[in-house]
Amino acid sequence: MNSAYDINMAALLSNSRLRKKLESVSFEEASEDFNCFISKCGDSALAKKNFPYDDIENPAQSVVDMCNECIKSNPQKNDTIVIYGLGLGYILDEVYERYPSKIFVYEPDINVIRFVVENVDLSHIFSDSRVYITDDCEDCCKKIGAQYLSHDNLEIVYLKNYGLIKPQELIKLSNTLFNICKSKISDINTIRNVSKAWVKNIIANV
């Protein structure tokens, strides 16, 4: 029987650079800092040196709540949702099942992705052409900019603990995406309508 790693890597076709990078990182190396713990509801969650990346109470419900808080529009097929922080994969699974939109995942730590692909079968998501995952902010924003159109909605959702772990990365991501929107939308009022919800949420939580 193939392992979760083998299945995930076979499905990860959208980003060959990331795939090669993951192949160069051993699970032992990724496990030096990362481990799973059992949340209070009984579900597994991700931690780095005992600092939780996922919610310690109920990681699945927490991402439902975060989506409700961050995503104010009703994303459609041509819209874009950006996920900052993979955690153990709950947030990606929730967004994928809940919305038909294009999904871009930016996880700044390659060891997180390596740990997750070893432990969680996300192959049905990785193999979908509407999903793109990367550990590089510039790569993420470049991909989004290449396909973003002025009438599209763009939303950002993230794990709250990532705002504590790497707040500058979240700010960098949000500012770059705002500038992408701004460069393609001439009406400043439309820019504000597109971006105000997620900019407000990011500033409030970082």
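Select Thr 134 to begin, and you will find this residue in strand β6 (residues 131–134), where a strand is a DSSP run of E of at least two residues and a helix a run of H or I of at least four, both numbered from the N terminus. The model is a predicted one, in which local features need pLDDT of at least 70 and side-chain atom pairs count only at pLDDT 80 or more, while totals for chains, interfaces and linings use all residues. Residues are numbered from 1 along each chain as its sequence is written, and side-chain values use heavy atoms, with hydrogens and water left out.

Is Thr 134 buried or exposed? Thr 134 is buried, because its relative accessible area is 0%, and buried means under 20%, exposed over 50% and partly exposed in between, with a 1.4 Å probe and protein chains only.

Now add Arg 17, whose side chain is joined to that of Thr 134 by a polar contact of 3.1 Å; such a contact is a pair of N or O atoms within 3.5 Å, and within protein one must be able to donate a hydrogen and the other to accept it, residues adjacent in sequence counting only if both atoms are side-chain atoms.

Next, select residues 44–48, which form strand β2 and pair with β3 in the antiparallel sense over 2 bridges; pairing requires that DSSP finds at least two bridges between two strands. Here Ala 47 has Pro 52 in β3 as its bridge partner. These strands belong to an open sheet of 3 strands in the order β1-β2-β3, with antiparallel pairing, and its edge strands, β1 (34–38) and β3 (51–52), each pair on one side only.
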